[in-house]
Amino acid sequence: MPTLTWWAHRGSGKGPTENTLSGMKTAVDAGFKAVEFDVMLTADGLPVVHHDWVMGRCAMSDDPALAGTDPLTPLASLRARDLRHYSVRGERIPSFAEVMQFCLEHNLQANVELKATQPRDAIRLGYAVLSALSELPEPLQSRVRADWVFSSFYHASLMPLMGLRLALLYETLANRWVVHADALQAEAVHLHVLGATPEAVRRIHTTGRQVRVYTVNDLEIARELANRGVAGLFTDRMDFAQHSF
């Protein structure tokens, strides 16, 4: 059976410390060698690591003037400096640059999900991620190019990143998926656990591409997917880090 990689979903699993540096430290301590996290844009174009389109579930306001508005405040409407008013369990929302540095310092492989809040911003997000990557010293850029994966539901976000390791994100495999994969030279497809049927996995494998599956929190399901030859599983379970089949 091919070697299967466990990825820490949202850095440390869906929950109160997801997409934070402290959460990723939890994943490192648990033994994960690979993490997945979400990148979004502020109103002034800074790529930051966060999942939700609106504030309030994880990132709460520390400013009394903003109290009660969090669930209605889109992250994309906030400037980078506005984020100082929000914290995730006392920790501020990290920039993409900060998370890149953390992952490189801890020798973590990363899956960067580009999460545009609307289609017209998708390509802008891709260019912002590319710009942040270009600011790394060349040896670190080489490590990112070799080991990291960039994925998105909005495939336009991946266009500026062609030449890197790309993966198309779907809940279930789309009819024209292979056209999009060929156009972007994507090396993999990431499917929701309910969409990773034997037929879907087989179709992707016949094109020579890898399959990774999200979000897998049950070991029996994980075993079934491993038997189908999937390359990686994204999980919220920090105790799965070193499990093998």
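Phenylalanine 153 is partly exposed in this predicted model, because its relative accessible area of 38% falls between the limits of 20% for buried and 50% for exposed. Tyrosine 214, by contrast, counts as buried, since its relative accessibility is 13% and the limit for burial is under 20%.

The structure holds 4 aromatic pairs, among them the two set out below.

| Aromatic pair | Centre to centre | Angle between planes | Class |
|---|---|---|---|
| Phenylalanine 37 and phenylalanine 96 | 6.3 Å | 45° | tilted |
| Phenylalanine 153 and tyrosine 214 | 6.4 Å | 85° | edge-to-face |

The pair of phenylalanine 153 and tyrosine 214 links distant parts of the chain, with phenylalanine 153 in the loop between β7 (149–152) and β8 (166–170) and tyrosine 214 in strand β10 (residues 210–214), 61 residues apart. The pair of phenylalanine 37 and phenylalanine 96 likewise links distant parts of the chain, joining strand β2 (residues 34–41) to helix α2 (residues 96–105) across 59 residues, and both of these phenylalanines are buried.

Turning to the whole chain, the protein has 7 helices and 11 strands, and 52% of its 245 residues count as buried. Among contacts with a separation of 6 or more, 60% come from residues 24 or more positions apart. The radius of gyration is 18 Å, which agrees with the value near 18 Å that a compact globule of 245 residues would have, while the C-alpha trace spans about 55 × 35 × 35 Å along its principal axes.

At the surface, the protein exposes about 11100 Å², of which carbon and sulfur atoms supply 53%. The protein carries 24 positive and 27 negative charges, and the mean positions of these two sets are 3 Å apart.

Key:
Residues numbered from 1 in each chain as written. Predicted model: local features only at pLDDT ≥ 70, side-chain atom pairs only at ≥ 80, totals over all residues. Heavy atoms only, no water. Helix = DSSP H or I, 4+ residues; strand = E, 2+ residues; numbered from the N terminus. Rg over C-alpha atoms; globule rule 2.2 N^0.38 Å. Buried < 20%, exposed > 50% of the residue type's maximum accessible area, 1.4 Å probe, protein only. Contact = heavy atoms within 4.5 Å. Areas by Shrake-Rupley, 256 points an atom, 1.4 Å probe, with all protein chains shown as cover. Lys, Arg positive; Asp, Glu negative; His and termini not counted. Charge placed at Lys NZ, Arg CZ, Asp CG, Glu CD. Phe/Tyr/Trp six-rings, centres within 6.5 Å; stacked < 30°, edge-to-face > 60°.
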